[in-house]
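Q: Please take a close look at one aromatic contact in this structure, and set it in the context of the chain as a whole.

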Amino acid sequence: MNPDNPLGAKPVIPAQAGIQLIEIYPAKRDNMTVLSASQNVLLLDSRLRGNDRAIGQSGIKRLFALFVLLAVLCSLAAPAFAEAAAAPMPNKGDTAWMLIATALVILMTIPGLALFYGGLVRSKNMLSVLTQIFVIFCVVAILWMVYGYSLAFTAGGGLNDFIGGFSKAFLNGVTPDAVTETFSKGVVIPEMLFMVFQLTFAAITVALTIGGFAERIKFSALLVFAVLWFTFSYLPLAHMVWYWGGPSAYGDPSGFIFGKGALDFAGGTVVHINAAMGALMGAIVLGKRIGYGRESLAPHSLTMTMIGASMLWVGWFGFNAGSNLEATGAAVLAMVNTVAATAAAALSWMFCEWLLKGKPSLLGVASGAVAGLVAVTPACGFIGPMGAIVLGLLAGALCLWGVTGLKKMLGVDDALDVFGVHGVGGILGALATGVLAAPSLGGTGVFDYASNKVAEYSILGQVTSQAWGVGVTILWSGVVSFALFKLIDLMMGLRVAEEAEREGLDTATHGERAYNM
């Protein structure tokens, strides 16, 4: 017996389609048995086969009955087909773009940042900087897959304001078929792709910190710091700034800073201010390099620095435009702004330096370009190109002051000017986003997912939200970084011996030289 037809010989036809078969034979209504709606079937009595000669003799009626049966079956299948059609699938163009963007951000770190930083140190420490950045990328990549992604981008229960949970630790459930929503409702990309894209952000952020205490830290202590700082500074801030329910669940709990309404398109707070505070605290705790202020500590290869800066600029297109998560006009806007702000900042720094020192320098142009990249990072998807030019002009001049006047005021040996560029530029960019994102100034405004339109914009209100993001990042990263450096110094020591520092970390720590002449 067919379990779907428990009455045996009587044919079962679903009734839910709304087709009243009993009206075909009004005289035979009494010879038909209709099951309850919960059983969802209509039974035709077998007596119709013998008593109604019209059925057996009329081909037209048979065809019509067959048509009705097919219509009923199609109506049954329709919900299943509709459900399958409704399931969002990744767009191949979006997926391809995000694969490229991810590779571009890897290029930013290795070799872009490595060459930029490496050229800025003395030749005896070049190889040590390359090694530190390469190894940090490898360490963070593994930690991100083991627990970092889960803590940054899942719900954290009672601690959700500040950190996520372990539901996706070891990439649990993050399969090639899993998807995650972008900033457009119903638009998705593979979750595994989003995971590895965010991995590159975590890696470069930790790597940026070494510029503050370059040429004097123990390699072993640096590795311990990288693990702890990634865990207790980067992951909480990434969760606070970027975690939310997505367009289809915008009302779900979010991270603390996101909940305050702060805008950070690609990491002005999470990456730049965070890394700058880590570098600054490291410079304070480790102290100044031997000979600082008395000996020449000039960069050994501005050629390498220029190559590194150029690779950073190219890679930054993946960093900023990729943060849109889709290959749409918003990604194009972010890319255009990344060109505009960077060019403006490079020129601004160059002309200011030319005016103050009498000569334009390659180091100034390269540093200005990086300052522009930093400043536009939080704003790139929210402001117009003219706003990006204004932001770049401000960033070049202000960050030049950051690495000269402010650095002297602080009295700290921030070896590669991480705070002067990434800290000052990041703060400027985050706060300026609140102003320049205004539609009246050519910005995009803020999209309200509840009303499905751009919300009414308040510059004062948005700048206040931005200030929340800046303030929390400075406080959180500053306290965590200082505490970690002190703890590591107490447990194993942070700084290499004076003899090793004078010799250079290339040979003293790694037993190699960057240049064999």
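A: The chain exposes about 22800 Å², of which carbon and sulfur atoms supply 67%. The model is predicted, with a chain average pLDDT of 88 and a score of at least 70 for 83% of the residues. Over residues 1–56, however, pLDDT stays under 50; for this segment the model has 64 contacts beyond four places in sequence. Of the 517 residues in the chain, 50% are buried, and the secondary structure comprises 17 helices and seven strands.

Against this background, the search of the whole structure finds 28 aromatic pairs. One of them joins Phe256 and Trp468 in an edge-to-face arrangement, with 5.9 Å centre to centre and 75 degrees between the planes. Phe256 belongs to helix H8 (residues 256–259) and Trp468 to helix H15 (residues 459–491), so the pair ties together parts that lie 212 residues apart in sequence. Such a link may be read beside the contacts of the chain with a separation of 6 or more, 76% of which are between residues 24 or more positions apart.

Both partners retain some accessibility: Phe256 is partly exposed, with a relative accessible area of 22%, and Trp468 is partly exposed at 40%. The ring of Trp468 also has a charged neighbour, as the charged end of Lys260 sits over that ring, 4.2 Å from its centre.

Elsewhere, ring pairs link Trp144, Tyr147, Tyr149, Phe153, Phe194, Phe230 and Tyr234 into a cluster. As for covalent cross-links between cysteines, the count comes to zero disulfides.

Terms used
Residues are numbered from 1 along each chain as its sequence is written. This is a predicted model: local features need pLDDT of at least 70, side-chain atom pairs count only at pLDDT 80 or more; totals for chains, interfaces and linings use all residues. Side-chain values use heavy atoms; hydrogens and water are left out. A disulfide is a pair of cysteine sulfur atoms within 2.5 Å. Helices (H or I, at least four residues) and strands (E, at least two) are DSSP runs, numbered from the N terminus. Buried means under 20% relative accessible area, exposed over 50%, partly exposed in between (1.4 Å probe, protein chains only). Contact means heavy atoms within 4.5 Å. Accessible areas come from the Shrake-Rupley method with a 1.4 Å probe; for residues, only the protein chains shown count as cover. pLDDT is the predictor's confidence in each residue, from 0 to 100. Rings of Phe, Tyr and Trp (its six-membered ring) pair if their centres lie within 6.5 Å; planes under 30 degrees apart count as stacked, over 60 as edge-to-face and the rest as tilted. A charge sits over a ring if NZ of Lys or CZ of Arg is within 6 Å of the ring centre and within 35 degrees of the ring normal.
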